[in-house]
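Here is a short briefing for a reader new to this structure. Two topics follow: cysteines and a surface patch.

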Amino acid sequence: MQLALLAPLVIYPLMKWPKYGLSAICVLTLGSVAAIFAVTYTENLPWTAQPDLEASVAERYDKIIYANTPMRASPYLIGMALGYFLSKKHHVPLPKWGVALGWFTSTAVALTVIFLILIPYSENFVQNALEAAFYASLHKPAWSLCVCWIIWACINGYGGVVNRILSWKYFVPASKLTFCGYLMHIWAILTYIALRQTPYYVSHVENLFLFGSFLILTLPYTIVLHLAVEAPTINLLRLAFKKRKSNTERAPGQDNKAIGKEA
């Protein structure tokens, strides 16, 4: 929410002076990444928010990194840059090898982000501040760039089967609930954790049941929040910023009709 409120400070110069706006995004993104790297290294913090951390370490990580808005800014800023480029509607022609290279690179980076975190979960793992600093500072912007490639490629006609899947019409109703679902699902998870009185043994089947349970339990609250807050707010914003045609603007051929009536 803080990033959303501060966004106009970047969006306005991005609209008026694109070079300065994009430069500001680059500087702020690099600053956020550098801050995470420095703090993780000097404080010897973990790679990410791991569930097996000691209480004191988890509390320090949550306070310094997880709940610290500037430390979470890089994906938001990268998304703003993508939004600017998409708003210009410039089609960039790419050869087939360029499209293949883009998909290969984005997939490889995304899988690296996902599976590299297995290292601190391995047996006899020894914490290394430098390794933790690199992963902690780079995995968020790296993942964001992978998502940006998927969006950009699909919009510019390079999505192929991925675009057909993501454009499935039955995803449209669910897509309107994603933000409210994001806000509400954590409460279902925290309630489950707070009420559980026995140890939790991780398994694929157990996680599958939990995922389904959280999804079903979260859905009613998500729908209520969307209908009560998000949907009315979106409609009010559309009314507030709706572009009105000036009285001097006329549709093609309208002037000729008016002249004919006067005659």
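A disulfide is a pair of cysteine sulfur atoms within 2.5 Å. The sulfur of cysteine 146 is 9.1 Å from the closest cysteine sulfur, that of cysteine 148, so the two are too far apart for a bond. The model is a predicted one. By the 2.5 Å rule, it has zero disulfides.

**Cysteines**

- Cysteine 154 is in no disulfide either. Its nearest cysteine sulfur belongs to cysteine 148, and the gap is 12 Å.
- Buried means under 20% relative accessible area. Cysteine 146 has 6% relative accessibility, so it counts as buried.
- Cysteine 154 has 13% relative accessibility and therefore also counts as buried.

**Nonpolar surface patch**

- A nonpolar patch of about 740 Å² lies on the surface. Its residues are Leu111, Ile114, Phe115, Leu118, Trp143, Val147, Ile151 and Ile155.
- Two helices, α6 (96–115) and α7 (129–155), each give two or more residues to this patch.
- Helix α7 gives the most, with four residues.

**Isoleucine 114**

- Which helix holds isoleucine 114? Isoleucine 114 sits in α6.
- Isoleucine 114 is one of the residues that make the nonpolar patch.
- Its relative accessibility is 40%, so isoleucine 114 counts as partly exposed. Partly exposed covers the range between buried, under 20%, and exposed, over 50%.

Notes: Residues numbered from 1 in each chain as written. Predicted model: local features only at pLDDT ≥ 70, side-chain atom pairs only at ≥ 80, totals over all residues. Heavy atoms only, no water. Patch = residues over 30% accessible without salt bridge, like charges linked within 9 Å, V, L, I, M, F, W, Y side chains within 5 Å. Areas by Shrake-Rupley, 256 points an atom, 1.4 Å probe, with all protein chains shown as cover. Salt bridge = Lys/Arg side-chain N within 4 Å of Asp/Glu carboxyl O. Buried < 20%, exposed > 50% of the residue type's maximum accessible area, 1.4 Å probe, protein only.
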